[in-house]
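Trainee: Could you show me how to read salt bridges in a model? I would like to begin with the general idea and then go through the case at hand.

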Amino acid sequence: MSKVENVVSEWLPLPDVAEKLNVSITKVHALVKDGSLLAARVGERSIRAVPAEFFIDDHVIESLRGTISVLHDAGFEDEEAIVWLFTDDESLPGRPIDALHAGRKTEIRRRASALGW
C-alpha cells in the first residue's frame, strides 16, 4: 500500500466524483488536470480516485483549489500534496484537511507556501 493510501481512509473513484458533483466524467478529468482536485492511483486495480474528504455534501471544499495551487507552487506533486493535507500536524493540531473543513484556509495556505522555501 502506498503512503497516500495509508493517510486517506476513503476514496471516490472518478465516476463517483462525477455523480457526486452532477457533472460529466470529462469535467472531473478537467478538474484534476487544472488543479481544482487532486487524484491518485489507489487500490489493487490502481484506479484514479479522489479523497472523499475533499467534499462537503455535493461540492468541493471552497478553499481546496487555492490550497492545491499553493502546494503546487511549493513544488509538491499531487500525491505529495494529498499526503501533506492528510497527515497529522501537532502544531495545528490535527490535519490540514480538517483545518480547511473548519474554514482555516489562511493558516493552511501560509504553512503550505512556507514549505516551498
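Mentor: Happy to; we will take the rule, then the pairs, then their exposure. This is a predicted model, where local features need pLDDT of at least 70, side-chain atom pairs count only at pLDDT 80 or more, and totals for chains, interfaces and linings use all residues. Residues are numbered from 1 along each chain as its sequence is written, and side-chain values use heavy atoms, with hydrogens and water left out.

Trainee: What counts as a salt bridge, and how many salt bridges are there by this rule?

Mentor: A salt bridge is a side-chain nitrogen of Lys or Arg within 4 Å of a carboxyl oxygen of Asp or Glu. By this rule there are six.

Trainee: Which residues are linked in a network of salt bridges?

Mentor: Asp89, Arg104, Glu107 and Arg111. Arginine 111 pairs with aspartate 89, their closest N and O atoms 3.1 Å apart. Arginine 111 sits in helix H7 (residues 105–114) and aspartate 89 in the loop between helix H5 (78–85) and helix H6 (96–101), so this pair ties together parts 22 residues apart in sequence. Helices here are DSSP runs (H or I, at least four residues), numbered from the N terminus.

Trainee: Which partners does glutamate 107 have?

Mentor: Glutamate 107 meets arginine 104 at 3.4 Å, N to O, and arginine 111 at 3.1 Å between the closest N and O atoms. Glutamate 107 and arginine 111 are four residues apart in helix H7, so about one helical turn separates them.

Trainee: Is arginine 111 buried or exposed?

Mentor: Buried, at 18% relative accessible area; the cut-offs are under 20% for buried, over 50% for exposed and partly exposed in between (1.4 Å probe, protein chains only). Aspartate 89 is partly exposed at 22%, as are glutamate 107 at 23% and arginine 104 at 30%.

Key. Helices (H or I, at least four residues) and strands (E, at least two) are DSSP runs, numbered from the N terminus.
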